[in-house]
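Work through the exercises below with the sequence and the 3D view side by side, and try each task before reading its solution.

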Amino acid sequence: MVNEAMLQMEASRLLLLEDSSVDAELIEEQLSRISPPPAVTRAVGKASFMEALENQQFDIILADFSLPDFDGMSALDVTMQRFPDTPFIFVSGILGEDAAIDAFRRGATDYVLKQRLARLPSAVERALAEAREKQERKRAEIHKELLVRELSHRVKNTMAMVISIIRRTAKGSTSVDDYQERLVARVTALAESHALLFQSNWGETDLKDVVKRAIEPHNSFASRVELEGPEGVQVSPKSALALGMILHELLTNAQKYGSLSGAHGKVEVFWKTQRDSQGRGHVDLRWQESGGPPVSVPQETGFGTTLITKGARYELQAESEIHYDQAGLQYQVAFPLD
């Protein structure tokens, strides 16, 4: 299984610092036993080594310890300064214990004696595997840090929304019981929208699922809410949260005062997508009530009305209209998909 995985991997890019053509040939012969064989770039001295580092990125570097115009320790120092995560292996004829200890202290990964080149392929494979594992850990740490930052940002936004709901609900409530009922319903609607977003891993969500999720808590009226619109219309997390709250307010109002307050009223929710002159996608969503008591313009504007009008403007960058038609309340919101 390990060999099959390695066969599927791309060839590693290897920089070999070696002035001896004979030794370089012997080293490359051993490297050819690695599957897949690495792509070897050879440098014979300081100038070609520095040029190679400037022009290409390498997965691993092999270097002789002693060269006429350069030394392996200097090559190691340059590598660690520029590419500290790149494995560096000494391949030398002579490397004393003190020199080996110093090399490891300065960042070398391993050393292989030229008298024992048969060990080179395994040393290179092990160094590359350890480097890949280190890179994966680093990527995972970066990803985790980004997720924590994003989660912190979303929690702050959610808490700000909850605080706003608490304050605005208190202003429009007539009693403690009324306040509790309204507050629990609104926070529950917010929680339902969040639950839907968690299912999609906070990615884009199907608009139809957003509408259905907003209706579910009002299941006793769900059979009188008709949905019509294309599936596969994907909306952003921010749009899904805003729409969930808007639909909750419309449903609550319909139950208390509108078409769902009677026995025969119904609600139609339908949407369509369209593109403007610049090719940008928009959603046109409409809410239509019918069969309920006659509708009149309310004398006071409550939090629910503010949320479905001003909230749509700020959270969805949308244009919205609400009409208190005598035959039934009508609401329309048009918002961008991007």
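**Exercise 1.** Which handedness does the β-α-β unit made by β1, helix α2 and β2 have?

*Solution.* Bear in mind first that this is a predicted model. Begin at β1, which spans residues 13-17, and follow the chain through helix α2, residues 21-31, to β2; these three elements make a right-handed β-α-β unit. Next, compare the directions of the two strands: β1 and β2 run parallel and are joined by 5 bridges. Finally, locate individual partners, among them Leu-14, which stands opposite Val-40 in β2, and Leu-15, whose bridge partner in β2 is Thr-41.

**Exercise 2.** Determine in which order the strands form the sheet, and identify the edge strands.

*Solution.* Start from β1, which pairs with β2 through 5 bridges and with β3 in the parallel sense over 4 bridges; in the latter pairing, Leu-17 has Ala-63 of β3 as its bridge partner. Extending this to the whole sheet, 5 strands form an open, parallel arrangement in the order β2-β1-β3-β4-β5. The edge strands, each pairing on one side only, are β2 (39-43) and β5 (110-113). Neighbouring strands of the sheet are turned against each other by 20 degrees on average, direction ignored.

**Exercise 3.** Is β1 mostly covered or uncovered, and which strands does helix α3 lie across?

*Solution.* Count the residues of β1 that fall under 20% relative accessible area: 4 of its 5 residues are buried, so that the strand is mostly covered. Then turn to helix α3, residues 46-55, which lies across β1, β2 and β3 (60-63) and runs at about 165 degrees to β1.

Definitions and conventions. Residues numbered from 1 in each chain as written. Predicted model: local features only at pLDDT ≥ 70, side-chain atom pairs only at ≥ 80, totals over all residues. Heavy atoms only, no water. Pairing = 2+ DSSP bridges. Axes fitted to C-alpha atoms, helices over the stretch in contact; angles between N-to-C directions. Contact = heavy atoms within 4.5 Å. Buried < 20%, exposed > 50% of the residue type's maximum accessible area, 1.4 Å probe, protein only. Right-handed = clockwise from strand over helix to strand, strands pointing away.
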